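Biologist: Could you take me through one part of this model with care, namely the place where its chains touch, and then add what helps me to picture the surroundings?

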Amino acid sequence: MNSPRNKWSVLLAAAILQIAVAGSVQAQTVAIGAIVPSSGPFAEWGRSNTVTLKMLEQEVNKAGGINGAKLKVIILDDATKPAQAASSLRKLAGDEKVIAVAGPLTSSAAEVTFPVANEMKVVSMSQASSKPGVAKANRPWAFRNTIDESILAKSTVPYYKKTFDIKTVAIIFDAKDATAATVGTKIMPAMMKDNGIAIVNETDPLSFNTGDLDVSAQVTKMKSLNPDGVVLSADYSQAVTVLREMKRQGFIKPVVGATQLISSAILKAAPELPIVAPATFYASMTGGLAAPFVAELQPMLRKESGLPAEIEPSMYDANIYEIVSMYVEAAKKSGVTGKPEDLEADRTKVRDYLVKLDNFKGLGGPISFNDDGDAIKAFYVLQGQNGAWTTKVQGCSSVPGHPAC
Amino acid sequence: MLLQQLVNGVTLGAVYTLLALSFSIVMGILGILNLAIAELFMIGGYLGFAVITAHLSLPVAVAAGMAGAAAISAVIEKIGYEPLRDAPLVTPMLSTLGFSIILQNIATNMWGSDPLQLPDEFLGGRIALGPVSIGELQLIVIGVTIVLVAVMAYIVQRTSMGRALRAVAENRDVARLLGVSGSRITLTAFMMSGALAGAAGVLIAIHYAAITPYVGVEIGLKAIAVMVIGGTSRIWGALLAGPLIGIAEVLTVAYGGSQIRDFVVYGFMIAILLFRPQGLLGGSGADQGQRV
């Protein structure tokens, strides 16, 4: 019985048993998908999102992966095109067998992609969509790690009014951007009225299209109406064009907008012009997990080709980092196996974990989700001027006293 | 406000004019739309931007933008047009569309998708003329456009090169019998077209003090409308139609609503195609075949 041959047989059998047991518990990799715009007009965001996710993948695997399995983040480019985002989700869920998807970035893409997520029964969570009701219309698989712009505006507009003694505003928005158009035509007009601010171009909305470089006519018209301030609803890269034209025409007025304005690039467009906008994260935030995140990510972003040398981590980098971190936590704590035969069950476990998520440690504070699938988290009303953003008001997207606040 | 809007419209129209001429030269000679012109315009803008931020003068920036765009245009002609010259017209057009997308990708990879912004010192001063305020750069844009259109008109109408261009446009085979090299003239047309697009790019980049890789798309489409409205057979047509469309666009935004701006511009183009296909200055309907 104790012959060397028998010893080897026992050892071999034990090894086979161990592999078989491990195989039944956990696959070798757990795949999570991401949809980001690495090309097209918002390529900067997509590329920095990609660097962020690669950093997170390394962090997770270095710390032992997901219950012993390696994390694999599969990133697809949607070029900010809704149809491409939807087909990316199909590929990730159908071919790559991911347990959940981070993205897509824009509301336009989310509106088209979230129904596909419901059809394929896989969680899809946007890192930037903030148009009201986009996740709510696509429950139970759609989530957003963002706050509805109508909630943010309730804190932003009163601060703007009080600080700059605003009695009248002109509104200009990007008509081709779903979030910008909703903020410019619905949210901000209603919010201005609620705060007793008159809109000088209420009957004659001023808009431009994504990609327009000439907005001289719109700015000349705003200037002729002589408002106390300007509501500028556009993604920051488009807003830069309006701010440059305002400066060129000597039309220096305080500007208010939505989360889309938050960037370091916008502060260079017209540094003397005050800009007020809400955010859930900004690169110069202090305290908590934000500073270490920026310290680790920023050098990696600045080394990446195709990104500006002075780039800083954006709110959307923070959001997508939190999203995949939440998926990893869900996978660890709810017993996701990553095995093909458990795929449907794994996806359901991730979704159920998110629904009940309680005080996940986000970069800007704790995170939970409301019944609409939107994040409950802290936010800040920021004022940008002379090259820096500073916090002026702190708020929360839920009622005071909620643990996430 | 009306006078100020007219100034805005003329400035915008000046850029449309240059770009429309750029389209018109290739269209006139070869009968195809070179869809890469919008991106040559963008590349010219980035080159001008680089020169200006290196604190070199505006003429150097314009020259660099023109030279760079002309060189790329020559490459497009050699790779994207010449080998496909005998194919159906749509084939070289699709080839130029491919170049357009490649150039846009190259620009995004080199300079990023965020707008590049010139420092404030390059925004230029403004001159007050009663109720109207004109930027120094607006005057430069209009002035350079007039000079370039005049130079182009002189080359096409008064020089042997221009006569060769017109001969090839009229009938390539007959021109060759008369000793005109069709290939050389085609290359020249592509390079002249690229140079004009590059100049327009530099002007718009310094005027708005910002540029993105996607700036060519919208302006390129408007320039095609300007080319159609002015008539591809007359250089002066673009000089008339450019400001006309620029003014129509800004007045629509100012008095009609920004939402109907593109409806007005492209509606005008469709009306011209339906009722005066030779364009505003295109002469009689029989003038269709004679271009440049």
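Modeller: Two residues are said to be in contact if their C-beta atoms, placed from the backbone, lie within 7 Å. With that rule in hand, and keeping in mind that this is a predicted model, we can turn to the two chains, where 33 residues of chain A are in contact with 30 residues of chain B. On the side of chain A that touches chain B, the elements that give two or more residues are helix H2 (43-62), strand E8 (206-208), helix H7 (216-225), helix H8 (236-248) and helix H9 (266-269) of chain A. Sorted by class, this side of chain A holds 13 nonpolar, eleven polar and nine charged residues.

It helps to see next how chain A itself is divided, for it has a domain 1, made of 25-146 + 291-304 + 315-373, and a domain 2, which covers 150-279. The centres of these two domains of chain A, taken over C-alpha atoms, are separated by 31 Å. Where the domains touch, domain 1 of chain A gives nine residues to the contact and domain 2 of chain A gives eleven residues. On the domain 1 side, the largest share, three residues, comes from helix H4 (residues 107-120) of chain A, and by class that side has three nonpolar, four polar and two charged residues.

A single residue of chain A can be followed in the same careful way. A:Ser334 lies in the loop between helix H11 (315-333) and helix H12 (343-355) of chain A, and A:Ser334 counts as partly exposed because it has 17 C-beta neighbours inside 10 Å. If its neighbours within four places in sequence are left aside, A:Ser334 is in contact with A:Lys349 and A:Tyr353. The C-alpha atoms of A:Ser334 and A:Val123 are separated by 15 Å, although the two residues are 211 residues apart along the chain.

Chain B offers a pair of helices to look at, H5 (residues 136-158) and H8 (residues 182-208), which pack at an angle of about 170° with their axes 9 Å apart. Since an angle over 145 degrees counts as roughly antiparallel, H5(B) is therefore roughly antiparallel to H8(B). From H5(B) the contact is made by B:Leu137, B:Gln138, B:Val141, B:Val144 and B:Leu148, and from H8(B) by B:Leu196, B:Ala199, B:Leu203, B:Ile206 and B:His207. By class, this contact of H5(B) with H8(B) has eight nonpolar and two polar residues, with no charged residues.

Methods:
Residues are numbered from 1 along each chain as its sequence is written. Chains are lettered from A and ligands numbered from 1 in the order in which they are written. This is a predicted model: local features need pLDDT of at least 70, side-chain atom pairs count only at pLDDT 80 or more; totals for chains, interfaces and linings use all residues. Axes are lines fitted to C-alpha atoms, for helices over the stretch in contact, and angles run from 0 to 180 degrees between N-to-C directions. Helices (H or I, at least four residues) and strands (E, at least two) are DSSP runs, numbered from the N terminus. Angles under 35 degrees count as roughly parallel, over 145 as roughly antiparallel, 65 to 115 as roughly perpendicular and the rest as oblique. Ala, Val, Leu, Ile, Met, Phe, Trp, Tyr, Cys and Pro count as nonpolar, Asp, Glu, Lys and Arg as charged, and the others, Gly among them, as polar. Domain bounds come from an automatic or database domain assignment. A residue is buried if 20 or more other C-beta atoms lie within 10 Å of its own, exposed if 12 or fewer, and partly exposed in between; C-beta atoms are placed from the backbone.
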